[in-house]
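Work through the two exercises below with the model open. Each task sentence is followed by a stepwise solution.

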Amino acid sequence: IDPSNPQNYYSTSDMGGLYYSHNAGASWERTEAVGVLLHTHIANNGTIFAGNFGLYASYDQGRTLELIYPKNVKYSVSRCGWNENLMIAENYNNDSLKCVTSYGDYIYFVTLDWEGNIRLMKSDYNGNQLQILYAEETDIKYDSVSGVDCYINVDSQGVYFTMGDYINMYRFDDKEVYKIYSAYGYIRDFKIISNKFFILDNG
C-alpha cells in the first residue's frame with residue numbers, strides 16, 4: 001500500500017509484471033515488464049522499486065517501469081508460456097535483486113550473483129550515484145541462489161541486511177560491516193521498530 005496515497009495498492013507474483021490498483025483494490029491493471037518482479041518497495045514519495053534480474057523504478061504509480069540497475073544495457077525479452085526472462089548483454093553480471101529499501105533520498109539494495117557473491121549497493125532514486133558499499137563471497141551455490149531470501153532495513157545509524165542465518169549492519173559512521181545477529185534457524189523476516197529488532201526464523 002502506497003504510504004503517500006492509501007488508494008494505491010501494488011502486488012507482484014511469480015507470473016511476472018507489477019499489478020496495481022488506484023482505487024483501493026476495486027479493480028487492477030498490470031504493467032508489461034521484463035523480468036519476474038518479486039521484490040518490491042514503495043518509498044515515502046510513492047516511487048515504486050521492483051525487480052528480480054535488475055532493479056526497476058516506477059515514477060507514475062505503476063503504469064510504467066524503468067530499468068535503473070544495470071543502466072545502459074541491451075536486453076531482449078523471451079516469452080515462454082507465462083514466464084518472462086530478461087537476457088542481458090555481457091556487461092551485465094547476472095545479479096539477482098534480493099531486497100530493496102529507501103531512506104531519505106537514497107535507495108539501498110542487495111544483489112546476489114550466480115556464483116554466490118553478495119553486494120550491498122546504494123543509489124539515488126533514478127539509479128545514479130551508484131555505489132557498492134559492501135561485497136562478500138558466500139558459500140551459496142548457483143543452484144540455490146533463487147531460493148535465498150534477503151531482508152533489508154535502514155535507519156539513521158546504518159543499513160541492516162540478512163543473508164542466510166545472520167544479520168549484517170553497514171554503519172554509516174565508519175563505513176564498515178558488522179555481523180550483529182546469528183539466528184538458530186534460517187531468517188524468514190525481520191523489522192526494526194523504535195530501534196528494536198523483531199526477527200522471525202525457522203528455529
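The exercises cover salt bridges and then the surroundings of one serine.

This is a predicted model, in which local features need pLDDT of at least 70, side-chain atom pairs count only at pLDDT 80 or more, and totals for chains, interfaces and linings use all residues. Residues are numbered from 1 along each chain as its sequence is written, and side-chain values use heavy atoms, with hydrogens and water left out.

**Exercise 1.** Find the salt bridges in the whole structure and state how exposed the residues involved are.

Step 1. Apply the criterion: a side-chain nitrogen of Lys or Arg within 4 Å of a carboxyl oxygen of Asp or Glu. The search returns two salt bridges.

Step 2. List the pairs. Arginine 171 pairs with aspartate 174 at 2.7 Å, N to O; arginine 171 also pairs with aspartate 173, where the closest N and O atoms are 3.5 Å apart. Arg171, Asp173 and Asp174 are thus linked in a network.

Step 3. Classify by relative accessible area (buried under 20%, exposed over 50%, partly exposed in between; 1.4 Å probe, protein chains only). Aspartate 173 is exposed at 63%, while arginine 171 is partly exposed at 28% and aspartate 174 is partly exposed at 29%.

**Exercise 2.** Describe the surroundings of serine 102.

Step 1. Locate the residue: serine 102 lies in strand β10, residues 96–103. Strands are DSSP runs of E, at least two residues, numbered from the N terminus.

Step 2. Check burial: serine 102 is buried, because its relative accessible area is 15%.

Step 3. List contacts (heavy atoms within 4.5 Å). Leaving aside neighbours within four places in sequence, serine 102 touches His41, Ala43, Ile107, Tyr125 and Val154.

Definitions and conventions:
Helix = DSSP H or I, 4+ residues; strand = E, 2+ residues; numbered from the N terminus.
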